[in-house]
Amino acid sequence: NTIVSMYYVNEEDHLERAFAAATVHDMFNMCTVAVLLPLELFVMWLDGGRGGLLWHFSDAVKPDEVGDGDKWEGPLKKIVAPLTAEFIMANKDVMKAVAKGETTCKEIYDSHKSCSVQYNQTSW
């Protein structure tokens with residue numbers, strides 16, 4: 001977060017605010033780890049090394065017909081995936097072209113400035 005805030009290095013006021021917000025967020029993450037990691041290890045110790053809170057939670061959410069090595073789609077993905085598909089339409093061909101150096105992001109942006117936006121119309 002702190003590294004991302006350096007984007008505003010040329011704008012002093014924005015940099016100060018971004019750096020402060022990033023520092024607060026980083027400290028929140030550290031405090032969360034300081035609380036949850038010992039709790040996770042304690043629950044794992046109580047359970048005899050089988051698994052901590054996260055393991056028990058994921059085991060409770062996992063359907064019965066899914067085995068240990070099987071891939072399954074979690075409940076959150078079932079809710080979020082259709083919603084994000086309405087807003088984010090990734091064109092993998094464009095991503096590959098940029099990655100291979102066949103075009104640049106600026107060329108793509110300039111070519112799409114005059115295009116009209118067409119929204120994905122899905123019936124619910």
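**Helix α2 and its surroundings in the predicted model**

Leu41 is located in helix α2. The coordinates discussed here belong to a predicted model. With a relative accessibility of 49%, Leu41 falls in the partly exposed class, because that class ends at 50%, above which a residue counts as exposed. Leu41 also belongs to a nonpolar surface patch, which it makes together with Val33, Leu37 and Met44. The area of this patch is about 350 Å².

The protein as a whole contains six helices and zero strands. Read from the N terminus, the order of elements is α-α-α-α-α-α. The chain comprises 124 residues, of which 10% are classed as buried. The exposed surface of the protein amounts to about 11100 Å², and 63% of this area is supplied by carbon and sulfur atoms. Among contacts with a separation of 6 or more, 21% join residues that are 24 or more positions apart.

Confidence was examined for the whole protein and by element. The average pLDDT of the protein is 79, and 90% of the residues score at least 70. Of the elements, α2 has the highest mean pLDDT, at 90. The lowest mean, 76, is that of helix α6, which spans residues 105–112.

Helix α2 covers residues 12–46 and has 35 residues. The distance from its first C-alpha to its last is 51 Å, close to the 51 Å expected at 1.5 Å a residue. After α2 comes Gly48, which has a positive phi near 80°. The buried residues of α2 are Leu15, Ala18, Ala22, Glu40 and Val43. The cover over these buried residues includes α1 (2–5) and α3 (53–61).

On the α1 side, contacts are illustrated by Ser5, a residue of helix α1. Its relative accessible area is 4%, so Ser5 is buried under the 20% limit. When residues up to four places away in sequence are not counted, Ser5 touches Leu15, Ala18, Phe19 and Ala22. Leu15, Ala18 and Ala22 are themselves among the buried residues of α2.

Two further C-alpha distances describe the arrangement of this part of the chain. Ala20, which lies in helix α2, is 18 residues from Thr2 in sequence, with a C-alpha to C-alpha distance of 8.6 Å. Ala20 is partly exposed, its relative accessible area being 42%. Tyr7 is placed in the loop between α1 and α2. The C-alpha atoms of Tyr7 and Ala18 are 9.0 Å apart, and the two residues are separated by eleven residues in sequence. While Ala18 is one of the buried residues of α2, Tyr7 is exposed, with a relative accessible area of 68%.

Glu40, also in helix α2, is one of the buried residues of that helix. Neighbours within four places in sequence aside, Glu40 makes contact with Gly52, Leu53, Leu54 and Trp55. The C-alpha atoms of Glu40 and Gly52 are 5.0 Å apart, although the two residues are twelve residues apart along the chain. Helix α3 (53–61) is included in what covers the buried residues of α2.

The structure contains one salt bridge. This salt bridge joins Arg17 to Asp13, with a distance of 3.9 Å between the closest N and O atoms. The pair qualifies because the cut-off for such a contact is 4 Å. Both Arg17 and Asp13 are in helix α2, where they are four residues apart, about one turn of the helix. An α-helix has 3.6 residues a turn, so residues three or four places apart point the same way. Arg17 is exposed at a relative accessible area of 59%, whereas Asp13 is partly exposed at 45%.

In summary, helix α2 carries the Arg17–Asp13 salt bridge, and its buried residues have cover that includes α1 and α3.

Conventions. Residues numbered from 1 in each chain as written. Predicted model: local features only at pLDDT ≥ 70, side-chain atom pairs only at ≥ 80, totals over all residues. Heavy atoms only, no water. Helix = DSSP H or I, 4+ residues; strand = E, 2+ residues; numbered from the N terminus. Expected span 1.5 Å × (residues − 1). Buried < 20%, exposed > 50% of the residue type's maximum accessible area, 1.4 Å probe, protein only. Contact = heavy atoms within 4.5 Å. Salt bridge = Lys/Arg side-chain N within 4 Å of Asp/Glu carboxyl O. Patch = residues over 30% accessible without salt bridge, like charges linked within 9 Å, V, L, I, M, F, W, Y side chains within 5 Å. Areas by Shrake-Rupley, 256 points an atom, 1.4 Å probe, with all protein chains shown as cover. pLDDT = per-residue confidence, 0-100.
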